[in-house]
Amino acid sequence: MAKTKSRWICQECGFESSGYLGKCTDCGSWGSVVEEIATAPAASIRGASANTLTSGKSLLSEPLSLLEDVDFGDCKRLPTQMNDVDEVLGGGLVPGGVILISGEPGIGKSTLLLQIAGALSKSNKVLYFASEESKGQVKLRAERLGLGCAQIYLDGSHNTQEIAQKLQEAKAEVAIIDSIQSIYHPQISSASGSVSQVRESAQLIIDTAKDASTSVIVVGHVTKDGSIAGPRVLEHMVDVVLIFEGDRTRRLRVLRTIKNRFGSTQVSAIFTMTEDGLKAVDNPSELLLGERLELVGKKQAPSGTAIISAQEGRRSLFLEVQALVANSNAGANSSPKRLANGWDTNRLLQIIAVLEKKLQMSLGRADVYVNVVGGLDLNDPAGDLGVCIAIATSYMDRSLDPGSVFIGEIGLTAEIRAVADLEKRLLEAQRLGFTHAYVPKANLPLSKNPGKMKVIGVDSVKEVFEQVMPQLLHRTKAQSQPQATNQDINLASEYAPASTEMV
Ligand code: TYD
Ligand code: MG
């Protein structure tokens, strides 16, 4: 075996040092010097081939293969028996494939993995390396999930080399490592969870998984800013990166793929955390909209709210977005607040800028808060129009018809840009009982008719307001500031959506 010792390498310029440095003495970057295992260098390729030529002994472990001669052989997928998880993975686990699942602490990673382990253990050998919890704690969770008697092999090792050896010897179909931050590689002196530890441990596990043809799922925690703790390179090393997210205080969880060497990244699964584990949710919009759906055709929607559409993988979701525009108490030298929950703050700033510049709304001295109800983080630009409507209705303190949905991306010239999968979104909106949809004109005509629902094509933000809230465009000077809330005005008939024919 190659002789090993550790060395410290700057990740920016490659400078090698004999010990830790806060700042690289060569390129001057801070915090970039990371410990690595240094293996005794193998003979260079050029030298090796020269040796081979003289000795006549081949160093090649396998000959070249022609693509058409390669058969799938061992690459047959292993379904997890949890349909939604299989869909996200593109059909199941791949032997030797390594999956990284990341998410905030407490979101339900261990619960999901124990459920997967339980389902797989019925017909496969499954190892569960619980380095974060005691075996007793895992057993307790398994009891709660109704898996107390599942044939899962538990192990509490923290040493990566020991884990790799057990992986190699067990020849199991599946192994779960919970988590990469709580194991350590004995040849690295830095603490568990550090960049070097995470990277070297991951490399050893990946090599062993490929060697033993075991599918390995590794848990990785995320940092406060939402990125996976440890080096970015970890994402490049594994085959699949899944993100498990949601709001810890709410029940909904989304399993998303951000990288998949064996399938699409366009698929996601939605679960709800129940008393006895995670359950797949088939119609999340109903759960997310809740009582809001009951307002349709009966009452007005509260001011500062709108229904937006978001594609979550192949699923169309409809959610309520809430906005609050209030006069700011920030002093003349400080900026007013702009807070977004479940929505990208940069997109919010852009929408505010468009409203200020193109619709002359005075938001410069107003605090603006936006919240997507349900605790999901949206990143579908088709929600722009709804966010814009919610801000404007809060600003004007007006109510709109709760049967309307707003779909469209807003450009910097206040134009409404086309969105993906409009037909799918409209079919779902129709199914949920919405009566009017404001959509980008650029997406029309539609190839599929969404039934009774009125579809109103719009080109610009101004055109939408002309139809749903003309007072915003023709307001008096007194109305040019954010309106006081709680004006009990019933605008039902006055501002019902214009009944434009379907285009
Ligand atoms: P856990 O899976 O330990 O989260 P992570 O591994 O991501 O840190 O559990 C998350 C939370 O879920 C925990 O607060 C308890 C709760 N929970 C349930 O509500 N129902 C259940 O059946 C289980 C097992 C956990
Ligand atoms: Mg856990």
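This report describes a predicted model, taking in turn its main sheet, the surroundings of ligand 1, a second set of paired strands, and some residues with less common backbone geometry.

## The nine-stranded sheet

The model contains an open sheet of 9 strands, arranged in the order E6-E5-E7-E8-E4-E9-E10-E11-E12, and the pairing within this sheet is mixed. Its edges are formed by strand E6, residues 152-155, and strand E12, residues 277-280, each of which pairs on one side only. From one strand to the next, the twist averages 25°.

Within this sheet, strand E5 (residues 126-130) runs parallel to strand E7 (residues 174-178), and the two are joined over 5 bridges; one of the positions that can be located directly in the structure is Phe-129, whose bridge partner in E7 is Ile-177. Helix H5, made up of residues 160-170, lies across E5, E6, E7 and strand E8 (215-221), and the helix runs at about 170° to E5.

## The surroundings of ligand 1

Around ligand 1 there are 16 residues, and those that come nearest are Gly-106, Ser-110, Thr-111, Thr-274 and Gly-277. By class, the residues of this shell divide into 4 nonpolar, 6 polar and 6 charged.

Three contacts to oxygen atoms of the ligand can be described individually. In the side chain of Ser-110, an N or O atom is 2.7 Å from an oxygen atom of ligand 1, and in the side chain of Arg-141 an N or O atom is 2.8 Å from an oxygen atom of the ligand. The contact of Ile-107 involves the backbone instead, with an N or O atom lying 3.3 Å from a ligand oxygen. Ligand 1 taken alone exposes 560 Å², of which the protein buries 75%. The elements that give two or more residues to the shell are helix H3 (109-120), helix H4 (135-144) and strand E11 (268-274), and the largest share, 3 residues, comes from H3.

## The strands E13, E14 and E16

Strand E13 (residues 305-312) and strand E14 (residues 315-327) pair in the antiparallel sense over 8 bridges, and in this pairing Ile-307 stands opposite Glu-320 of E14. The two strands form a hairpin with 2 residues between them, where Gly-313 takes a positive phi near 65°.

E14 also pairs with strand E16 (residues 366-372), again in the antiparallel sense, over 7 bridges. In that pairing, Gln-322 stands opposite Asn-371 of E16.

## Backbone geometry to inspect

Most residues other than glycine have a negative phi, and most peptide bonds are trans. Against that background, two cis peptide bonds can be described here. One joins Asp-178 and Ser-179, with omega at about 15°, and Ser-179 lies in the loop between E7 and helix H6 (195-212). Another joins Leu-444 and Pro-445, with omega at about 0°, and Pro-445 is placed in the loop between strand E20 (436-440) and strand E21 (454-458).

Positive phi values also occur at residues that are not glycine, among them Gln-81, where phi is about 75°, and Asp-397, where phi is near 50°. Gln-81 lies in the loop between helix H1 (45-55) and helix H2 (83-89), whereas Asp-397 is found in the loop between helix H10 (384-396) and strand E17 (404-406).

Notes
Residues numbered from 1 in each chain as written. Chains lettered and ligands numbered in written order. Predicted model: local features only at pLDDT ≥ 70, side-chain atom pairs only at ≥ 80, totals over all residues. Heavy atoms only, no water. Pairing = 2+ DSSP bridges. Helix = DSSP H or I, 4+ residues; strand = E, 2+ residues; numbered from the N terminus. Axes fitted to C-alpha atoms, helices over the stretch in contact; angles between N-to-C directions. Contact = heavy atoms within 4.5 Å. Near = heavy atom within 4 Å. Polar contact = N/O pair within 3.5 Å; in protein donor to acceptor, adjacent residues only side chain to side chain. Areas by Shrake-Rupley, 256 points an atom, 1.4 Å probe, with all protein chains shown as cover. Nonpolar A, V, L, I, M, F, W, Y, C, P; charged D, E, K, R; others polar.
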